[in-house]
Amino acid sequence: MLHALAHIEFVAIDFAFDLVGRFGMHFPAEFVDDWMVVGAQEAMHFALLDRRLRTLGAGYGFLPAHDSLWEAAGKTARDVLARLAVVPMVLEARGLDVTPMAIERFDAVGDHRSAQILRRIYHDEIAHVATGTKWFVHCAESRGIEPIYTWRWLIENNFRGALKAPFNDSARGQAGLSREFYIGLAPVSVV
Ligand SMILES: [Fe+2]
Ligand SMILES: [Fe+2]
């Protein structure tokens with residue numbers, strides 16, 4: 001599980017800096033500043049998990065990892081709206097849904113250090129989803145299109161499969177990702 005999480009953070013570093021390099025020139029400087037901060041935090045998350053793996057006698061690269069996260073970058077490489085819709089607002093938001101349970105699982109088996117790392121990550125990831133939502137809304141409004149329906153259309157057309165409930169409405173809400181965005185897009189929506 002720690003290796004899988006380290007891999008997610010490793011890909012997240014690339015996600016953040018790819019946004020800067022691929023789309024940064026079309027945005028105000030604040031866009032670049034925001035995603036550089038996100039990228040630095042992803043690198044810190046990766047380092048914390050990799051260090052934890054090493055303490056336990058393993059390390060990143062000891063196990064195979066899948067490429068499905070990075071595939072989302074390829075599929076959305078031509079449109080920053082689709083990229084922001086899928087990466088921070090679906091994939092990273094999914095992290096907010098599942099991380100509290102992962103923290104509980106680590107605590108339940110007595111691995112409090114790993115649980116502590118995940119608490120730190122969870123806190124930062126709320127800000128990442130907020131950054132994604134902020135720039136998605138900015139970009140939609142600057143194109144003169146309505147953000148929520150545009151997001152729903154983009155997800156239905158760029159994201160394989162349905163969103164997965166239950167959603168962490170509280171953390172998503174803190175990030176500005178209100179239920180209006182995703183309600184009805186998953187088979188079951190649990191408050
Ligand atoms: Fe992260
Ligand atoms: Fe993140």
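A residue counts as buried when its relative accessible area is under 20%. The exercises below use that cut-off on a predicted model.

**Exercise 1.** Is H128 buried or exposed?

Solution. The relative accessible area of H128 is 1%. The cut-off for buried is under 20%. H128 is therefore buried.

**Exercise 2.** Find which residues coordinate the iron ion (ligand 1), and where E9 and E125 sit in the chain.

Solution. Step one: the donors are E9 (OE), E9 (OE), E42 (OE), H45 (ND1) and E125 (OE), at 1.9 to 2.8 Å. Step two: along the chain, these donors follow the spacing E-x32-E-x2-H-x79-E. Step three: E9 belongs to helix α1 (residues 2–23) and E125 to helix α5 (residues 112–142), so the pair links distant parts of the chain, 116 residues apart. Step four: E9 has a relative accessible area of 6% and is buried; E125, at 9%, also counts as buried.

**Exercise 3.** List the protein donors of the iron ion (ligand 2), then place E92 and H128.

Solution. Step one: E42 (OE), E92 (OE), E125 (OE), E125 (OE) and H128 (ND1) lie 1.8 to 2.7 Å from the ion. Step two: their spacing along the chain is E-x49-E-x32-E-x2-H. Step three: E92 lies in helix α4 (residues 80–108) and H128 in helix α5, so this pair ties together parts 36 residues apart in sequence. Step four: E92 counts as buried, at 14% relative accessibility.

**Exercise 4.** How far apart are the iron ion (ligand 1) and the iron ion (ligand 2), and what does E42 do there?

Solution. The two ions are 3.6 Å apart. E42 coordinates both and bridges them.

Note on methods: Residues numbered from 1 in each chain as written. Chains lettered and ligands numbered in written order. Predicted model: local features only at pLDDT ≥ 70, side-chain atom pairs only at ≥ 80, totals over all residues. Heavy atoms only, no water. Donors = N, O, S within 2.8 Å, 3.2 Å for Na, K, Ca; no water. Helix = DSSP H or I, 4+ residues; strand = E, 2+ residues; numbered from the N terminus. Buried < 20%, exposed > 50% of the residue type's maximum accessible area, 1.4 Å probe, protein only.
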